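Biologist: I am new to this one. Please show me the model, and I will ask how each label was earned.

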Amino acid sequence: MTHATGTGKYEALLERCRSLEPVPTAVAHPCEKTALEGAIEAGEKRLIVPILVGPAAKIQEIAKKNGIDLGKIRIVDVPHSHAAAAKAVELVRQGEAELLMKGSLHSDEILSAVIAKETGLRTGRRLSHVFIMDVPTYHKVLIVTDAAINIAPTLEDKVDICQNAIDLVLQIAGRTPKVAILAAVETVTSKMPATIDAACLCKMAERGQITGGVLDGPLAFDNAISVEAAKIKGIKSEVAGDPDILLVPDLEAGNMLAKQLSFLANADSAGLVLGARAPIILTSRSDSVRSRIGSCAVALLAAHARRRTLQTTS
């Protein structure tokens, strides 16, 4: 899903991680070559300390077949993917791991374990997914949310989706993010519910129901990304031409946008799930090792920011 861009934003992300201590990470069911390689390489780059959770014999067989050196990496032996998801979540709950990483099982399998009422990693927030994208034609890292979990989010869902993304930027970049709330047009109309949601979200931010970011919307994609396009339309906005976050109307729009940026604009992408007790590295089975490494790097920065928050509040 990702491509080498040479723009330097991906490399700068890894550079920021060099001085940080790797974080124990429960990898659920890494029973396929790319999933296992991604976890091992992230370990070698000192981003994570992988704890492999799955059928031990199968993991060792895949490693041997593909020349992957497992060294002294801990393997927690469980019989199948369902058990791997539950056990990996348990390791995070018990504090043995600070991050959760999806291996080669289905996303809904790991997310079901995460949202389980008694044994999961729920918080008061709704879970949401972010694509952190290094787009060669854009001047900074761009976050697209939500393109993987919430299919048709309500206004209340969008509040959490927005807040999760804002909090991530505050954690990993330490600056106030600009949020462009996307629709097909930049005017509010009852014929397009996404425009009404966008207007409501902006007012909610003014009233302190969403904090830490600068919001504007509805914005069409052109005037969200381009200052010139916004000027032509007569839009005066701090966000237009400079967003950190693109909040999409629904999953279909977000998924198409993220994949277009990957395949047509050669963007590198990393994927994380936010809103749980720990960041969740949720990559697609078609993702490259480079994408998995990028996801681990962002998760590492988020985990260290979380550590600092816990230290200051304890």
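Biologist: What separates Glu-90 and Lys-87 in helix α4?

Modeller: Being 3 residues apart in helix α4 (residues 81-93), they are separated by about one helical turn. Helices here are DSSP runs of H or I with at least four residues, strands are runs of E with at least two, and both are numbered from the N terminus. Before we go on: this is a predicted model, where local features need pLDDT of at least 70, side-chain atom pairs count only at pLDDT 80 or more, and totals for chains, interfaces and linings use all residues. Residues are numbered from 1 along each chain as its sequence is written, and side-chain values use heavy atoms, with hydrogens and water left out.

Biologist: Why is the contact of Glu-90 and Lys-87 called a salt bridge?

Modeller: A salt bridge needs a side-chain nitrogen of Lys or Arg within 4 Å of a carboxyl oxygen of Asp or Glu. Here the N to O distance is 3.2 Å, so the pair qualifies.

Biologist: Are Glu-90 and Lys-87 buried or exposed?

Modeller: Neither label fits. Buried means under 20% relative accessible area, exposed means over 50%, and partly exposed lies in between (1.4 Å probe, protein chains only). Glu-90 has 32%, so it is partly exposed. Lys-87 has 25% and is partly exposed too.

Biologist: What makes Glu-37 and Lys-33 a salt bridge, and where do they lie?

Modeller: Their side chains meet at 3.2 Å, N to O. Both lie in helix α2 (residues 33-44), 4 residues apart, about one turn of the helix. Glu-37, at 23%, is partly exposed. Lys-33, at 38%, is partly exposed as well.

Biologist: Which parts of the chain does the pair Arg-126 and Asp-157 link?

Modeller: Arg-126 forms a salt bridge with Asp-157, with the closest N and O atoms 3.5 Å apart. The pair links distant parts of the chain, 31 residues apart. Arg-126 is in the loop between α5 (107-115) and β5 (128-134), and Asp-157 is in helix α6 (residues 155-173).

Biologist: Why is Asp-157 called buried?

Modeller: Its relative accessibility is 15%, so it counts as buried. Arg-126, at 39%, counts as partly exposed.

Biologist: How many salt bridges are there?

Modeller: The structure holds 17. Some form a network that links Lys-140, Arg-175, Lys-178, Asp-242 and Asp-244.

Biologist: How many disulfides are there?

Modeller: The count is 0. A disulfide needs a pair of cysteine sulfur atoms within 2.5 Å. For Cys-17 the nearest cysteine sulfur, in Cys-296, is 9.7 Å away. Cys-17 is buried, at 2%.

Biologist: Why is Cys-200 not bonded to Cys-202?

Modeller: Cys-202 holds the closest cysteine sulfur, but it is 9.3 Å away, so it is too far for a bond. Cys-200 is partly exposed, at 28%.

Biologist: What makes the sheet open, and which strands stand at its edges?

Modeller: Two strands pair if DSSP finds at least two bridges between them. The 11 strands run in the order β3-β2-β1-β4-β11-β10-β5-β6-β9-β7-β8, with mixed pairing. β3 (74-77) and β8 (214-219) stand at the edges with a single partner strand each, so one side of each has no neighbour in the sheet.

Biologist: How do you know that β7 and β9 pair?

Modeller: Strand β7 (residues 178-182) and strand β9 (residues 245-247) share 3 bridges, in the parallel sense. Val-179 has Ile-245 in β9 as its bridge partner.
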